[in-house]
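Here's a quick briefing to read alongside the model. Have the sequence and the 3D view open, and start with the charged side chains.

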Amino acid sequence: MGVQLEYGEVSAVDYMTCRVRVRLDDRDGVETYWLNVLQRNTQGTQRRPLMPELKEQVAVLLDSDGVGGVCLGGVYSTVEPPPVVDQDTDYVRFSDGTVTTYDRAAGVMTLDCVGALLVKCGRNITVEAGEPVVVKAPSATLDIPQVTLNGDLQVNGNVGVNGNVNATGAVLDVGGNSNHHSH
């Protein structure tokens, strides 16, 4: 039996069984039976199935009678061109507008999340950077029982303290006055 490569538009998606139905362009819009969608991993390493979305253009491989076959995946076209064609850039844009990009030539990874970002870890997290780290936000809260700072602390602005301040060394103001002077 021969097989035929055809193109069409996804007309139905079954996420539980990882199958799709496809309306075939070259067969006057005839809809296929349920076709399995090829996956990258299905055994030891597993991940969320990569499924085409409704109305996405896909390539299918059908048996000679057009009943059985497999969906090979989505294909770009002149109507829906690839969003990025730079060979050094890995790019994913989710339907809600969130974008993750890695530019291998520049060595820059970007996550532009339109919603919240949650990082959870059952053990420790270490952040290392070869250059200064900048955090920009309207405010920040550290909900941590104890913070240890190894190094100098420069504060540009006011310091409010709701509790005691303990120091083992001298506390000097801009004029060089110590906390040990009397009035």
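Let's begin with arginine 104, which counts as exposed because its relative accessibility is 52%, past the 50% cut-off. Keep in mind that this is a predicted model. From that arginine we move on to its salt-bridge partner, then the other charged pairs, a surface patch and the overall build.

**Salt bridges**

- The count of salt bridges comes to 3.
- Arginine 104 pairs up with aspartate 88, with 3.0 Å between the closest N and O atoms. Arginine 104 sits in the loop between strands E7 (99–103) and E8 (108–112), and aspartate 88 in the loop between E5 (69–74) and E6 (89–93), so the bridge ties together parts 16 residues apart in sequence.
- Aspartate 88 is partly exposed, at 23% relative accessibility.
- Glutamate 6 and arginine 27 make another salt bridge, at 2.7 Å from N to O. This one links distant parts of the chain: glutamate 6 is in strand E1, while arginine 27 is in the loop between E2 (19–24) and E3 (35–37), 21 residues apart.
- Is glutamate 6 buried or exposed? Glutamate 6 is buried, because its relative accessibility is just 6% and the limit is under 20%. Arginine 27, at 25%, counts as partly exposed.
- Glutamate 31 and arginine 21 also meet in a salt bridge, at 3.4 Å from N to O. Here glutamate 31 comes from the loop between E2 and E3 and arginine 21 from strand E2, 10 residues apart.
- Both ends of that bridge are partly exposed: glutamate 31 has a relative accessible area of 32%, and arginine 21 has 24%.

**Rings**

- Arginine 21 has a further contact: it lies over the face of tryptophan 34, 5.9 Å from the ring centre.
- As for aromatic pairs, the count is 0.

**Nonpolar patch**

- Val3, Leu5, Tyr7, Leu38, Leu61 and Leu72 form a nonpolar surface patch of about 530 Å².
- Strand E1 (residues 3–14) gives the largest share of the patch, with 3 residues.
- Tyrosine 7 belongs to strand E1 and is partly exposed, at 39% relative accessibility.

**Overall build**

- The protein has 8 strands and 0 helices, so in sequence order the pattern reads β-β-β-β-β-β-β-β.
- The radius of gyration is 29 Å, whereas a compact globule of 183 residues would come in near 16 Å.
- Along the principal axes, the C-alpha atoms fill a box of roughly 100 × 35 × 25 Å.
- Of the 183 residues, 14% are buried.

Note on methods:
Residues numbered from 1 in each chain as written. Predicted model: local features only at pLDDT ≥ 70, side-chain atom pairs only at ≥ 80, totals over all residues. Heavy atoms only, no water. Patch = residues over 30% accessible without salt bridge, like charges linked within 9 Å, V, L, I, M, F, W, Y side chains within 5 Å. Areas by Shrake-Rupley, 256 points an atom, 1.4 Å probe, with all protein chains shown as cover. Salt bridge = Lys/Arg side-chain N within 4 Å of Asp/Glu carboxyl O. Helix = DSSP H or I, 4+ residues; strand = E, 2+ residues; numbered from the N terminus. Buried < 20%, exposed > 50% of the residue type's maximum accessible area, 1.4 Å probe, protein only. Phe/Tyr/Trp six-rings, centres within 6.5 Å; stacked < 30°, edge-to-face > 60°. Lys NZ or Arg CZ within 6 Å of the ring centre and 35° of its normal. Rg over C-alpha atoms; globule rule 2.2 N^0.38 Å.
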